[in-house]
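The following explanation is meant to be read alongside the sequence and the coordinates. Please keep both in view while following the paragraphs below.

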Amino acid sequence: MTTPSRMPEPYGQGGSANLADILERVLDKGIVIAGDIRINLLDIELLTIKLRLIVASVDKAKEMGIDWWETDPALSSRARRDELTRENAELRERLARLEELEPGRAEKKEAP
């Protein structure tokens, strides 16, 4: 009599796992790939490239405290709108300061 093993069988040995199962497992747990590329010439560092890749579901990423896409204007319409609102407010403040410095100048330009 054999006892059932507690460890799951590796893929390809008896159990069949399709791509969807593997992807679901990776997104549920998350995976991190990290690496550095350094180019040196005569012990002088010319170039360093640090690569970091995290593959996870959005929910898992938020659990880990990763939510940069929510504040990136290129990826979020809300962030883009917030950035435009902030920029508009800054420009209005600058215009108001300029008009305070030379209050008559704006009126002179409008008159023919």
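**A serine before a helix**

Ser-76 touches Trp-69 and Glu-70, not counting residues up to four places away in sequence; contact here means heavy atoms within 4.5 Å. The model is a predicted one, in which local features need pLDDT of at least 70 and side-chain atom pairs count only at pLDDT 80 or more, while totals for chains, interfaces and linings use all residues. Residues are numbered from 1 along each chain as its sequence is written, and side-chain values use heavy atoms, with hydrogens and water left out.

Ser-76 sits in the loop between α2 (58-63) and α3. Helices (H or I, at least four residues) and strands (E, at least two) are DSSP runs, numbered from the N terminus. With a relative accessible area of 11%, Ser-76 is buried. The classes are defined as buried under 20% relative accessible area, exposed over 50%, and partly exposed in between, with a 1.4 Å probe and protein chains only. Two polar pairs involve the side chain of Ser-76. A polar atom of that side chain lies 3.5 Å from the backbone oxygen of Glu-70. At the start of α3, a side-chain oxygen of Ser-76 also reaches to within 3.4 Å of the backbone nitrogen of Arg-78. A polar contact is a pair of N or O atoms within 3.5 Å; within protein, one must be able to donate a hydrogen and the other to accept it, and residues adjacent in sequence count only if both atoms are side-chain atoms.

The helix that follows, α3, has 25 residues. From its first C-alpha to its last, α3 reaches 36 Å, close to the 36 Å expected at 1.5 Å a residue; the expected span is 1.5 Å times one less than the number of residues. Leu-84 belongs to helix α3. Is Leu-84 buried or exposed? At 53% relative accessibility, Leu-84 counts as exposed. Leu-84 and Pro-73 are eleven residues apart in sequence, and their C-alpha atoms are 9.4 Å apart in space.

The strands come earlier in the sequence pattern, α-β-β-α-α-α. Strand β1 (residues 31-41) and strand β2 (residues 44-55) run antiparallel and are joined by eleven bridges; two strands pair if DSSP finds at least two bridges between them. Along this pairing, Ile-37 stands opposite Ile-49 in β2, and Asn-40 has Glu-45 in β2 as its bridge partner. In a regular strand the side chains alternate between the two faces of the sheet.

β1 and β2 form a hairpin with two residues between them. Leu-42 is found in this loop between β1 and β2, and Asp-43 is found there as well. Which backbone angle is positive in Leu-42, although Leu-42 is not a glycine? The angle is phi, at about 55°. Phi of Asp-43 is near 65°, again a positive value in a residue other than glycine. Most residues other than glycine have a negative phi. Both turn residues also count as exposed: Leu-42 has a relative accessible area of 77%, and Asp-43 has a relative accessibility of 80%.

After the hairpin, Ser-57 lies in the loop between β2 and α2. Ser-57 is partly exposed, with a relative accessible area of 23%. Although Ser-57 and Val-26 are 31 residues apart along the chain, their C-alpha atoms are separated by 8.5 Å.

For the chain as a whole, the secondary structure comes to four helices and two strands. Of its 112 residues, 3% count as buried, Ser-76 being buried at 11% relative accessible area. The accessible surface comes to about 10,600 Å², of which 56% belongs to carbon and sulfur atoms; the areas come from the Shrake-Rupley method with a 1.4 Å probe, and for residues only the protein chains shown count as cover. Among contacts between residues at least 6 apart in sequence, 16% join residues at least 24 apart.

Confidence is expressed as pLDDT, the predictor's confidence in each residue, from 0 to 100. The chain averages a pLDDT of 79, and 77% of the residues score at least 70. Where in the chain is confidence lowest, and where is it highest? Helix α4 (residues 103-110) has the lowest confidence, at a mean of 60, whereas helix α3 (residues 77-101) has the highest, at 90.
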